[in-house]
Structure formats: C-alpha cells, structure tokens
Amino acid sequence: MSLQVFNTLSGKKETFAPLNEGEARIYVCGVTVYDSSHIGHARSLLTFDVAYRYLMFLGYRVDFVRNFTDVDDKIIQRARDERSTAEQIAGRYIEEFHGDSRALGLLPPTHEPKATEHIAEIVALIRRLEEKGAAYRVDGDVYFSVASFPGYGKLSRKNIDELEAGARVEVDERKKAPMDFALWKSSKPGEPAWDSPWGKGRPGWHIECSAMSTKYLGQPFDIHGGGRDLIFPHHENEIAQSEAAYDLPLARVWMHNGFLNINHEKMSKSLGNILSVRDILARHEPAALRHYMLSSHYRSPMDFSEQGLDEAEKAIERIIETIARFDEAAPEKATVPADPALLDDFRKEMDDDFNTPRALALIFDEVRALNRLMDEGRAAELAPRVAALKQSAATVGLLQEAPAAFLARKKERWLKAKKNISRKEIEEWIERRNQARVKKDWREADRIRAELFAKGIVLEDSSGGTIWKVR
Ligand SMILES: [Zn+2]
C-alpha cells in the first residue's frame with residue numbers, strides 16, 4: 001500500500017502522488033505573531049511535523065514552508081496597547097515561537113517567510129488579479145470579487161447564496177458583493193504602511209499565503225495544511241485568489257487538523273482557559289505532549305486534559321525505559337538493522353492517513369512484548385525488534401534525545417516532588433548498603449534495598465557500582 005491522505009477538497013482519502021516524483025512540497029499556514037502560542041497551535045504544529053517526518057521516512061525530499069503573519073489588525077492593536085510598534089510586537093513573538101518550536105522538537109521548515117518581507121510579490125499578485133478582472137478598487141482599498149471566481153465555496157462546500165444571506169447583517173456598502181474580501185487595505189495614520197499602486201497600505205490576510213506559497217513551491221504544490229478553522233474563509237479565499245490569477249489549482253491535497261477543546265470547553269480568551277505551550281512545557285516533558293497529541297487522530301476533535309497528559313507521560317516513560325533497559329542488557333547490540341516486519345506494520349498504520357493512534361498502539365504492544373522477553377533473559381536476541389521500535393518512535397518525533405537524559409530529568413522531578421528524601425540521603429543509604437555487603441552482612445544489605453524500594457527506589461548493581469532508579 002502507499003500513503004493515503006484525506007483531502008478536504010475531495011472529501012475522501014486519496015493515494016498521495018506528488019507532482020514531481022520523489023519530492024513533496026508542503027505549505028502550512030503559520031501563526032499570527034501577536035501573542036504566545038497555545039496548545040491549539042501545538043496540535044497543528046505537531047500534526048504537520050509528523051507528516052513532514054513521515055514523508056522523509058518514505059524517502060521523499062520535502063520542501064516544507066510555514067509562514068509568519070507579521071502584519072495584521074491584532075498585531076497593530078497590541079502595539080497600540082503597549083505603546084510599541086507592530087514590528088517590535090511581531091519580532092518578540094517570532095522569537096518566542098522559535099523557542100517553543102525548539103522545545104516541541106519541531107523540524108525547522110525549509111522556508112519560513114514573513115508577510116512583510118514579501119510585499120512586492122503580494123502587490124504583483126493583486127495587480128494580476130486586477131488585470132484579470134477579479135479585483136476592484138474602492139478608494140485606497142482593493143477587494144477580490146467573489147462573483148468572478150465560479151469555484152468559490154468548493155473547499156468548504158459552502159453555497160455562495162447562503163453565505164451572502166449570512167453576511168448581509170454586517171455588509172460593507174462599499175463592496176460589490178457581501179463575500180468580497182480585502183486584498184489590500186489603505187493604512188490609517190500610525191499604522192504600518194507600504195507604497196503600492198493604490199497608495200500607502202498593507203496586505204489583507206489571505207493574499208500573503210497565496211503569494212508566498214507560490215513563490216517558494218510553485219503552483220500547484222502537493223499539500224496545503226492548517227487547522228480546520230482555516231478552511232473558511234482563509235483557505236477558500238487563498239484558492240480563489242491563486243486560481244483566479246493563474247488558472248491552475250493552488251494545491252492538490254488540503255489537509256486539516258481537528259479542533260482542540262480543553263476539558264470539553266472551547267479554548268477562548270473570554271473563558272480564560274487558554275493554555276500556552278510554555279506553561280505546559282514548564283510542567284511536562286515535550287515528548288509527553290507529543291505522545292498525547294498523537295494519541296488522537298489528527299482529523300478527530302481532541303479534548304485536552306491534564307489527566308490525559310499525565311497518562312501520556314507514563315506511556316512515553318515506559319517506551320524510553322524499555323529502550324534503556326535493552327541498551328543496558330545488551331549494549332553491544334545497539335546498532336543492528338531493524339526488524340522489517342515491525343517496520344512494515346508501522347508503515348501500514350501511518351500510510352492510512354497518518355494514523356498515529358494506531359501506530360502508537362503498535363509501539364506500545366511491542367514495548368509490552370519486549371519487556372516480557374527481557375524478563376525471560378532474552379535481551380540479546382531482541383536487537384532488531386528494538387531497532388525497529390526506535391525507528392518507528394523516532395519517525396513520529398518521539399525519541400529526540402538519549403534515554404539517559406530523559407530518565408535523569410524524571411529522577412530530578414521525582415526528587416523535587418518528594419519532600420521526605422533527598423539525593424544525598426539516597427546516596428548515603430547506598431553507601432551503608434555497600435559497607436554491609438563488604439562485611440557480608442546480607443540481611444542488612446537486603447533490609448536497605450527493601451526500605452528504599454518502599455520509598456519508590458530500585459537499586460541496580462553492576463560491575464560499575466550501584467545505581468538507583470525511580471520505580
Ligand atoms: Zn494561510
């Protein structure tokens with residue numbers, strides 16, 4: 001089987017067949033940089049990070065473009081509130097976004113264009129739409145004429161008459177039709193502005209993605225991605241602009257991730273339940289967050305809860321501990337070819353529209369089986385299966401560091417949470433036990449081991465000495 005991807009445009013799963021063989025070109029709508037990234041952004045970011053990684057695993061050369069919307073009403077408003085400039089606000093949140101991306105373990109895009117650095121391309125595209133009769137001027141503004149594009153509504157399956165009926169309440173009298181949208185906005189004093197054939201102004205939101213995706217990827221490209229909330233109007237408008245300009249499809253596949261709620265409620269400023277990526281990662285492992293997100297299929301709605309995240313943390317610990325256990329039991333077997341049967345099973349699940357919940361279930365079944373076999377002392381023969389496990393987990397971005405680093409942080413967190421025992425005390429216990437063992441006082445040595453076990457600590461003796469682990 002080959003990769004099947006659900007295409008919002010056709011409403012069904014399709015075999016992924018990129019335009020240029022061996023090459024996958026993806027554009028994903030990025031964030032508007034006026035505030036911190038939240039957990040809803042993280043879902044979208046992780047969805048497309050996994051698609052990016054999986055396409056590379058399949059052997060594609062991937063060109064992955066994700067933009068920054070760095071000029072927008074919200075940025076301008078924030079600058080006003082803080083007596084700052086739009087540029088400073090955007091700069092601050094782009095920097096923060098990069099920090100969050102690193103913390104989330106996202107692969108860097110091949111291009112990360114900013115709207116403000118593509119004004120020339122945006123102006124050229126709007127000019128082209130004017131020449132083709134798809135855009136019109138009103139004072140210093142330019143609007144896209146939805147009536148000029150017969151395919152309008154094909155992505156969102158919205159009927160233009162219904163849309164117009166709904167829009168009539170807030171209709172702008174200067175527009176020819178209610179659904180027409182701004183390509184260029186004249187600027188008011190104090191707002192960021194660029195010279196244009198229509199006077200000083202700035203681009204509307206939708207046009208930047210049409211201009212930048214085509215610049216970096218050509219038209220059509222293979223996959224256009226984003227959250228479900230972007231289907232209408234943003235992606236519908238991108239299609240209208242780009243296809244009216246070039247008489248070619250904009251993208252072949254439209255991939256959208258589902259909504260994320262928090263404890264069954266929509267995340268919103270008014271409910272005060274917005275969780276930032278930073279807050280979450282201050283309390284949880286990035287790998288736990290990733291595991292949690294991937295345990296729902298990207299198209300399904302997801303309900304986020306701390307309890308769900310705690311469970312994911314246990315699951316990822318179990319995977320990492322299993323690998324660490326194998327590496328200790330059979331260190332000489334660390335690099336062998338991966339078991340092809342297991343990788344095939346993993347690929348089957350991922351080929352089915354990036355079915356990460358089933359891929360994770362497979363990984364977890366394997367973790368259980370490996371532990372059982374290691375209990376039986378059969379570690380040495382498990383090397384190809386462990387290699388396949390590592391490769392599968394790494395392909396969804398789960399093993400980005402050595403198990404030891406992850407487990408050391410787990411120890412630190414455990415120590416911090418435990419008020420009644422310190423690292424120093426544990427080391428003293430181990431020292432007392434060593435002395436007992438030297439004196440062949442096995443009863444005392446066993447008593448200390450049992451006492452520590454009761455506190456949640458396991459001791460492991462090897463030729464290199466005794467180490468302790470959190471149970
Ligand atoms: Zn976009």
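**Exercise 1. Describe the hairpin formed by β14 and β15.**

Solution. Start with the link: two residues lie between β14 and β15 in this hairpin. Strands here are DSSP runs of E with at least two residues, helices are runs of H or I with at least four residues, and both are numbered from the N terminus. Next, the direction. β14 (residues 457–462) and β15 (residues 465–470) run antiparallel, joined by six bridges. Two strands count as paired if DSSP finds at least two bridges between them. Finally, the register: E460 has I467 in β15 as its bridge partner.

The model is predicted; local features need pLDDT of at least 70, side-chain atom pairs count only at pLDDT 80 or more, and totals for chains, interfaces and linings use all residues. Residues are numbered from 1 along each chain as its sequence is written.

**Exercise 2. Work out the strand order and pairing in the open sheet of three strands.**

Solution. Read the order: β12-β11-β13, with mixed pairing. Identify the edges. β12 (265–266) and β13 (302–304) each pair on one side only. Then take one pair. β11 (residues 260–262) and β13 are parallel, over three bridges. In this pair, L260 stands opposite M302 of β13.

**Exercise 3. Check the span of helix α10 and find what its buried residues pack against.**

Solution. The expected span is 1.5 Å times one less than the number of residues. Helix α10 (residues 306–329) has 24 residues, so it should span 34 Å; its end C-alpha atoms are 34 Å apart, which agrees. Now list the buried positions: A312, E313, I316, I319, I320, T322, I323 and F326. A residue is buried if 20 or more other C-beta atoms lie within 10 Å of its own, exposed if 12 or fewer, and partly exposed in between, with C-beta atoms placed from the backbone. An α-helix has 3.6 residues a turn, so residues three or four places apart point the same way. Last, the partners. The buried residues of α10 pack against α9 (286–294), α12 (356–375), α13 (383–395) and α14 (403–417).

**Exercise 4. Locate the domains and dissect the side of domain 1 that touches domain 2.**

Solution. Set the bounds: domain 1 (4–266), domain 2 (309–404) and domain 3 (418–470). These bounds come from an automatic or database domain assignment. The C-alpha centres of domain 1 and domain 2 are 38 Å apart. Their contact takes eleven residues from domain 1 and ten from domain 2. Contact means C-beta atoms, placed from the backbone, within 7 Å. On the domain 1 side, β1 (4–7) and α1 (39–57) each supply at least two residues. The largest share, six residues, is from α1. By type, this side has six nonpolar, two polar and three charged residues. Ala, Val, Leu, Ile, Met, Phe, Trp, Tyr, Cys and Pro count as nonpolar, Asp, Glu, Lys and Arg as charged, and the others, Gly among them, as polar.

**Exercise 5. Place the largest nonpolar core and name its best-connected residues.**

Solution. A nonpolar core is a set of buried Ala, Val, Leu, Ile, Met, Phe, Trp, Tyr and Cys residues joined through C-beta atoms within 7 Å. The largest one has 102 residues, and I26, A42, I126, L129, A135, F144 and L183 have the most contacts inside it. Helix α1 gives the largest share, ten residues. Domain 1 and domain 2 both contribute, so this core lies between them. Take L129 as a sample. Leaving out residues up to four places away in sequence, L129 touches A134, A135, F144, L183, Q241, A244 and A245. A second, separate core has 14 residues, including V31, A86, Y93 and A115.

Note on methods
Contact = placed C-beta atoms within 7 Å.
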